[in-house]
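Hi,

Here's the structure I said I'd pass on. Have a look at it first, and my notes on what turned up are just below.

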Amino acid sequence: MENLMPVIWVIVAIVLLLFMTVKMKVHSMIALLLIAIFVAFMEGMDSVSLVKTITKGAGSTLGGVGLIIVLGAALGQLMTDCGASKKIADTIVAHCGARTLRWGVMFVGIIFGISMFFEVGFMVVVPLVVSIAKEAKIPYMYLIIPVLAGVAQAHSVFPPQPGPVALVDAFGADSGMVYLLGLVVVIPSVICAGLILPRFLKGLDTLAAPKLGNIDETALRDFKLPSFGVCLLIPLLPAIFMIGHTIISNFIVKDSLVFRSFEFLGSPNVSLLVAVLVAMYVFGIRAGRTITETSETITSAIKGISTVVMIIGAGGVFKQVIVDAGVGQHIAASVAGTSVSPLLLAFIITVIIRWATGQGAVSAITAAGIVAPLIPVFNVNPTLLMLATAVGSNTITMPNDAAFWMMKETFNLSMGQTFKTWGLLELVNSVSGLAVVLVLSLFI
């Protein structure tokens, strides 16, 4: 029983966290910090050790993902403010016939999910897709579900988004392999959630389309945008560099200039910084904007995600307390020798924390502290464990999740309609994603 106490206290802490954030409406950052301190004292951690744990947890988490979150938000905002995002969406949709329109918006969602913070991607694609649905005379929800399925799943699985970056760092997974295997996971799961699911949902054609202001077409014509290919290439530069590093490392001598160059450019921070610098020129100066306007765009992006950064930092403190208390080792020891799949266990743990915190990135970061000790015990592939945890962070959400309310209020849905649309697409996304990961584990 004594060995189970660390696990029991974490379970109690998650229940308290759910109560504080949902019932008492305590800010997630404050709630996470208080719960972390609670667990530390219940585990017998002294005050000096706790202070060091708090510093280490916040510092390592923000040091690993803080800059990436800021740069990722800046890249997405630079694309949005000059109309590059709209050009990507319009071009893909323009080349889709009526039968393939849903496929087109689904891939738009995946591209935006990789390159933009979720809230930014949501606010960019929703007006575009509603306008497209109106022109194509299609009930708007038949296009909204596939595009949001793409945004949400890509945001949860691919670096440089905060949750995936934290998981890659915690599990020691290879970023390039995360992209390669991530595509194998994301595409089938988004097809299930975005294209197959709506066929079984009745009443989607009865929902009244919201009145959403589209991007000002007149203002966008003032900018000199590059070709569609260039607009698409720039947000994908981090993925290209990371995948390139993975491929090069298997064929090139480590002491060579080519290897060192890709090792440098293939790191998440550097690859994203390069993408932002290129975007500042192509989507800023070359597009006809001044340096001041480009800088204001970046400032706006940073302001928009500052709260999220701090919540993730608090999640890092909670994770570090769990690590230092040895909870992960106790869980690993308790399931060692059983038939429980570590991939399934990682998924379930992440789902529970997502329900408790309402934050995808926080659930991934917190689960990492619990799940990472499973790697040596089960000799599990770190990339597959990372993907199982990532899709778990993108499961059906509760009313303590900001995305839940964004969906409900944007489209004037009832609670039941929100669970039916947003809730089910997230559930199918996560479960089908896990199924693909489990299939991959049979071969890798």
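The largest nonpolar core has 140 residues, and this is a predicted model, so please read everything below with that in mind. Within that core, Met-141, Ile-144 and Phe-411 have the most contacts. If you want to know which helix puts in the largest share, go to H7, which supplies 12 residues. As general background, nonpolar side chains in soluble globular proteins tend to be buried together.

Next, a helix pair to load up in your viewer. Helix H8 (residues 162–171) and helix H19 (residues 382–392) have axes that come within 10 Å, crossing at roughly 145°. The crossing of H8 past H19 is right-handed. On the H8 side, the contact is made by Pro-164, Leu-167, Val-168 and Phe-171. H19 answers with Pro-382, Leu-385, Met-386, Thr-389 and Ala-390. What is the chemical make-up of that contact between H8 and H19? There are 8 nonpolar residues and 1 polar one, with no charged residue.

Val-371 ties in nicely here. This valine sits in helix H17 (residues 360–371), and with 0% relative accessibility Val-371 counts as buried. Setting aside neighbours within four places in sequence, Val-371 is in contact with Phe-171, Ala-346, Ile-349, Leu-385 and Thr-389. Three of those names may ring a bell: Phe-171 belongs to the H8 side of the helix contact above, and Leu-385 and Thr-389 to the H19 side. One distance to go with that: from the C-alpha of Val-371 to the C-alpha of Leu-343, 28 residues away along the chain, is 9.3 Å.

On to the rings. How many aromatic pairs are there? The count comes to 3. One to look at is Phe-158 with Tyr-179: the ring centres are 5.4 Å apart and the planes are at 10°, which is under the 30 degrees cut-off, so the pair is stacked. The two partners come from distant parts of the chain, 21 residues apart. Phe-158 is in the loop between helix H7 (141–157) and H8, while Tyr-179 is in helix H9 (residues 175–196). Are these two rings' residues buried or exposed? Phe-158 is buried, at a relative accessible area of 0%, and Tyr-179 is buried too, at 3%.

Helix H13 (residues 268–285) gave me two residues to report. Val-282 is in this helix, and so is Ser-271. Val-282 has a relative accessible area of 10%, which is under 20% and therefore buried. Leaving out residues up to four places away in sequence, Val-282 touches Pro-226, Val-230, Ile-234 and Ala-287. Ser-271 is a buried serine, with a relative accessible area of 0%. Beyond its neighbours within four places in sequence, Ser-271 is in contact with Pro-238, Phe-241, Met-242 and Leu-265.

Here are two sequence-distant pairs to set side by side. Val-282 and Met-42 are 240 residues apart in sequence, and their C-alpha atoms are 54 Å apart in space. Ile-54 and Val-317 are 263 residues apart in sequence, yet C-alpha to C-alpha they are 5.2 Å apart. Ile-54 is in helix H3 (residues 47–81). With a relative accessible area of 27%, Ile-54 falls between the 20% and 50% limits and so is partly exposed. Not counting neighbours within four places in sequence, Ile-54 is in contact with Ile-37 and Val-317.

Last item: backbone angles. Most residues other than glycine have a negative phi, so I noted two that go the other way. Lys-25 has a positive phi near 60°. This lysine is found in the loop between helix H1 (5–23) and helix H2 (28–42), and at 65% relative accessibility Lys-25 counts as exposed. Asn-412 has a positive phi as well, about 55°. Where is Asn-412? Asn-412 lies in the loop between helix H20 (402–410) and helix H21 (415–440), and is exposed, with a relative accessible area of 62%.

That's my list. Over to you!

Note on methods
Residues are numbered from 1 along each chain as its sequence is written. This is a predicted model: local features need pLDDT of at least 70, side-chain atom pairs count only at pLDDT 80 or more; totals for chains, interfaces and linings use all residues. Side-chain values use heavy atoms; hydrogens and water are left out. Axes are lines fitted to C-alpha atoms, for helices over the stretch in contact, and angles run from 0 to 180 degrees between N-to-C directions. Helices (H or I, at least four residues) and strands (E, at least two) are DSSP runs, numbered from the N terminus. A crossing is left-handed if the near helix is turned anticlockwise from the far one by less than a right angle, and right-handed if clockwise. Contact means heavy atoms within 4.5 Å. Ala, Val, Leu, Ile, Met, Phe, Trp, Tyr, Cys and Pro count as nonpolar, Asp, Glu, Lys and Arg as charged, and the others, Gly among them, as polar. Buried means under 20% relative accessible area, exposed over 50%, partly exposed in between (1.4 Å probe, protein chains only). Rings of Phe, Tyr and Trp (its six-membered ring) pair if their centres lie within 6.5 Å; planes under 30 degrees apart count as stacked, over 60 as edge-to-face and the rest as tilted. A nonpolar core is a set of buried Ala, Val, Leu, Ile, Met, Phe, Trp, Tyr and Cys residues joined through side-chain atoms within 4.5 Å.
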